[in-house]
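Please study the sequence and the model below. Then work through the exercises with pencil and paper.

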Amino acid sequence: MGKEFMKRDMDLVRKLLFFFEEKESPRHVAIPPIEGYDDRTIKTHLVLLHDAGLLRCEPVRSRSSERVIYVLPFELTWAGHDFVQTMRSDTLWKKAKTHVLKPGASWSFEILKEWAKQEIKEKLGMSGSS
């Protein structure tokens, strides 16, 4: 049996960030209850959010290496709050999924953030050059 590799699910990323934005307690939440996702998928995405600097976590490392095997997530980082604010609009999120996150497209998280910033600037009438 081969190894299973999990693809990054940006809808889950967004849901997890919203969960931590709305969380009232300062305590960690080992596995946030996100409907439609199993514990393994959520835990894997929490590590990704920690790696991306979007979520403040206590990392738990492997005994045989420095690899982070899971995290105890507490709260959003500054960058996490920025992402939530940028992607709060369902309309903008749907547009991002169509234009940036579409299957087969070559994109990175940085490209997504820059695209979203540009969309917001255009919406606010700030995209013209001075």
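The exercises below concern the overall fold, the strand pair and one helix. The model is predicted, with local features needing pLDDT of at least 70, side-chain atom pairs counting only at pLDDT 80 or more, and totals for chains, interfaces and linings using all residues. Residues are numbered from 1 along each chain as its sequence is written, and side-chain values use heavy atoms, with hydrogens and water left out.

**Exercise 1.** Determine which pattern the chain follows along the sequence.

Solution. Helices (H or I, at least four residues) and strands (E, at least two) are DSSP runs, numbered from the N terminus. The chain contains five helices and two strands. Read along the sequence, the pattern is α-α-β-β-α-α-α.

**Exercise 2.** In which sense do β1 and β2 pair?

Solution. Strands pair if DSSP finds at least two bridges between them. Strand β1 (residues 55-61) and β2 pair in the antiparallel sense, over seven bridges. Cysteine 57, for example, has proline 73 in β2 as its bridge partner. A hairpin of six residues joins β1 to β2.

**Exercise 3.** Explain how the buried residues of α3 are arranged around the axis.

Solution. Buried means under 20% relative accessible area and exposed over 50%, with partly exposed in between (1.4 Å probe, protein chains only). In helix α3 (residues 78-86), the buried residues are Gly80, Phe83, Val84 and Thr86. They lie on the same side of α3, because they cover an arc of only 165° around the axis, taken from the directions from the helix axis to the C-beta atoms. On the other side of α3, Trp78 and Gln85 are exposed.
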